[in-house]
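Work through the exercises below with the sequence and the 3D view open. Try each task before reading its solution.

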Amino acid sequence: MTDNSLRTVTVERTSTGHFTATNARGGTISFGTGAAGDTEFTPVELLLAALGGCTAVDVDIATGRHAEPTAFTVDVRGTKVDDDLGNRLTDLAVTFHVTFPDGEGAERARAILPRAVKTSHDRLCTVSRTVETGTPVTATVEQA
């Protein structure tokens, strides 16, 4: 493992059911339980955002070399189930809605859009690759 390969976040409880994640660069995002009246993302919604966001970044880089999109939206959905395997999401789907203006660069961007989405999904997006290949997660308690 190189110094450049490790990724970390720290999650801190800010109040009952509310948390803030901080990355190594100092960025933060707040999330919570999704209780009535809360607008914060839940951890499940953050996972969906990570799935869509990871592929969106890849696709934006690939197509943005040719044309600036006039619209770029990614819808991500999954069905939460509780069965013999426990709580989890099934039927995960990432759907792109991207339009480009008229012009030669835009024609190229439109042409490579499907390949960019497929390449991100099949090879580049660390988040979807991790979900699809399945990676063990360890959970431990370190005494203070």
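## Exercise 1: Salt bridges in the helices

The side chains of aspartate 122 and lysine 118 meet in a salt bridge, 2.4 Å from N to O. A salt bridge here is a side-chain nitrogen of Lys or Arg within 4 Å of a carboxyl oxygen of Asp or Glu. The model is predicted: local features need pLDDT of at least 70, side-chain atom pairs count only at pLDDT 80 or more, and totals for chains, interfaces and linings use all residues. Residues are numbered from 1 along each chain as its sequence is written, and side-chain values use heavy atoms, with hydrogens and water left out.

**Task.** Place aspartate 122 and lysine 118 in their helix, and state how exposed each residue is.

**Solution.**
- Step 1: position. Both residues belong to helix α2; they are 4 residues apart, so about one helical turn separates them. Helices (H or I, at least four residues) and strands (E, at least two) are DSSP runs, numbered from the N terminus.
- Step 2: accessibility. Aspartate 122 is partly exposed at 35% relative accessibility. Lysine 118 is exposed at 51%. The cut-offs are under 20% relative accessible area for buried, over 50% for exposed and in between for partly exposed (1.4 Å probe, protein chains only).

**Task.** How many salt bridges does a search of the whole structure find? Describe the bridge of glutamate 107 and that of glutamate 132.

**Solution.**
- Step 1: the total. The search of the whole structure gives 4 salt bridges.
- Step 2: glutamate 107. Its side chain meets that of arginine 110 at 2.5 Å, N to O. Both residues lie in helix α2, 3 residues apart, about one turn of the helix. Glutamate 107 is partly exposed at 46%. Arginine 110 is partly exposed at 29%.
- Step 3: glutamate 132. Its partner is arginine 129, at 3.0 Å, N to O. The two are 3 residues apart in helix α3, so they too are separated by about one helical turn. Glutamate 132 is partly exposed at 49%. Arginine 129 is partly exposed at 23%.

## Exercise 2: Aromatic pairs

**Task.** How many aromatic pairs does a search of the whole structure find? Classify each by its geometry, and locate the rings.

**Solution.**
- Step 1: the count. There are 2 aromatic pairs. Rings of Phe, Tyr and Trp (its six-membered ring) pair if their centres lie within 6.5 Å; planes under 30 degrees apart count as stacked, over 60 as edge-to-face and the rest as tilted.
- Step 2: phenylalanine 19 and phenylalanine 31. Their ring centres are 5.6 Å apart and their planes lie at 20 degrees, so this pair is stacked. The pair links distant parts of the chain: phenylalanine 19 is in strand β2 (residues 18–23) and phenylalanine 31 in strand β3 (residues 28–32), 12 residues apart. Phenylalanine 19 is partly exposed at 25%, whereas phenylalanine 31 is buried at 10%.
- Step 3: phenylalanine 72 and phenylalanine 96. This pair is edge-to-face, with 6.0 Å centre to centre and 80 degrees between the planes. It also links distant parts of the chain: phenylalanine 72 sits in strand β4 (residues 71–83), phenylalanine 96 in strand β5 (residues 86–99), 24 residues apart. Phenylalanine 72 is partly exposed at 26%. Phenylalanine 96 is buried at 16%.

## Exercise 3: The β4–β5 hairpin

**Task.** In which sense do β4 and β5 pair, and over how many bridges?

**Solution.**
- Step 1: the sense. β4 and β5 pair in the antiparallel sense, over 12 bridges. Strands pair if DSSP finds at least two bridges between them.
- Step 2: the turn. The two strands form a hairpin, with 2 residues between them.
- Step 3: one opposing pair. Aspartate 82 stands opposite asparagine 87 in β5.

## Exercise 4: A buried serine

**Task.** Is serine 120 buried or exposed? Which residues does serine 120 contact, leaving aside its neighbours within four places in sequence?

**Solution.**
- Step 1: location. Serine 120 lies in helix α2 (residues 104–124).
- Step 2: burial. Its relative accessible area is 0%, so serine 120 is buried.
- Step 3: contacts. With those neighbours left aside, serine 120 touches Cys54, Thr55, Asp58, Cys125 and Ser128. Contact means heavy atoms within 4.5 Å.
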